[in-house]
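Hello,

Here is the structure I promised to pass on to you. Please have a look at it first, and then read my notes below.

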Amino acid sequence: MSLYLQLVDQLTKEISTMKPGDRIPPERQLCEDYKVSRTTVRNAIDKLCQQSLLTRIQGKGTFVSKANVNKEDLSNYYSFTKQTQKIGKVPKSIILDFHIEKANKEIAESLAINFEDLVIKMTRLRKADDDPMMFEITYIPYENFQNISKELLSKKALYDIFEQDCNSKIFKVNEKFSVDRINSRQAKYLNEKKDSPCLKIVRKSYDLNGTVIEYTISYARADKFYYENTYSPS
């Protein structure tokens, strides 16, 4: 991971322990503390200001923004693994399919890549204990994540792979929820009847630079799926 990304990550962790309105150390002090150049510090602060984690006030310094203080890492909210553990159940993922294919127009637009660029497509059944909860289809740009394999995915959570094996981290997630009905294949794995109602979740995950690194469509059982989210109001 580059020095710039490392500093952003370190400062993000520091900010999460601070109070709204707290002033962060001046750039010169940050350069000394983290052994990086002034340019690296300025770029990191610029990025955190863009994310509304910090606010610059001319002539006074840089301060922790109110709206983003003490928020948990986004991955805590959007990780099926962590959400399931949070309610006291054991998360399980069964990989039903894993292969590399060319992106069609819809997938290319969703991932902001070129038509027919290679993508990793994986289909998984997500379980809480032994209860099937979600049928999930995920697309990932192959060019930047060639080291993701079926074997690696069977050993650890996808978001952990992003951070630990791919030098990438999710900083923003956009999710859309709608009501849908499951098809015959989804019904088979979810132990439901075809056309049963479900919660459809379409998710895009972005890295620090605003690049889409994951596009996932999930079909969750309406009678069993549990989803909780927490926000700090402005």
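Confidence first, as this is a predicted model: among the elements, helix α4 (residues 74–78) has the lowest mean pLDDT, 41, while helix α9 (residues 184–190) has the highest, 97. Over residues 67–77 the pLDDT stays under 50, and for this stretch the model has 27 contacts beyond four places in sequence. The protein as a whole averages a pLDDT of 86, and 89% of the residues score at least 70.

Now the overall picture. There are 9 helices and 8 strands in the protein. Of its 234 residues, 41% are buried. Taking the contacts with a separation of 6 or more, 57% are between residues 24 or more positions apart. The exposed area is about 13000 Å², and carbon and sulfur atoms supply 46% of it.

The strand I would show you first is β4 (residues 118–128), which is mostly covered, with 10 of its 11 residues buried. Strand β4 pairs with β3 (residues 91–102) in the antiparallel sense over 11 bridges, and I94 has L125 in β4 as its bridge partner. Strand β4 is also joined to β5 by 10 bridges, again with the two strands running antiparallel. Here R124 has E136 in β5 as its bridge partner. The hairpin of β4 and β5 has 2 residues between the strands, and D129 takes a positive phi near 60° there.

Next, the aromatic side chains. The count comes to 4 aromatic pairs. One of these joins F145 and F162: the ring centres are 5.2 Å apart and the planes stand at 65°, and because an angle over 60 degrees counts as edge-to-face, that is what this pair is. F145 lies in the loop between β5 (131–141) and α7 (150–153) and F162 lies in helix α8 (residues 158–165), so the pair ties together parts that are 17 residues apart in sequence.

Are these two rings buried or exposed? F145 has a relative accessible area of 3%, so F145 is buried. F162 counts as buried too, at 1% relative accessibility. Together with Y159, F145 and F162 form one aromatic cluster.

One last contact for you to look up: K172 lies over the face of Y206, at 5.3 Å from the ring centre.

Best wishes

Conventions:
Residues numbered from 1 in each chain as written. Predicted model: local features only at pLDDT ≥ 70, side-chain atom pairs only at ≥ 80, totals over all residues. Heavy atoms only, no water. pLDDT = per-residue confidence, 0-100. Helix = DSSP H or I, 4+ residues; strand = E, 2+ residues; numbered from the N terminus. Contact = heavy atoms within 4.5 Å. Phe/Tyr/Trp six-rings, centres within 6.5 Å; stacked < 30°, edge-to-face > 60°. Buried < 20%, exposed > 50% of the residue type's maximum accessible area, 1.4 Å probe, protein only. Lys NZ or Arg CZ within 6 Å of the ring centre and 35° of its normal. Areas by Shrake-Rupley, 256 points an atom, 1.4 Å probe, with all protein chains shown as cover. Pairing = 2+ DSSP bridges.
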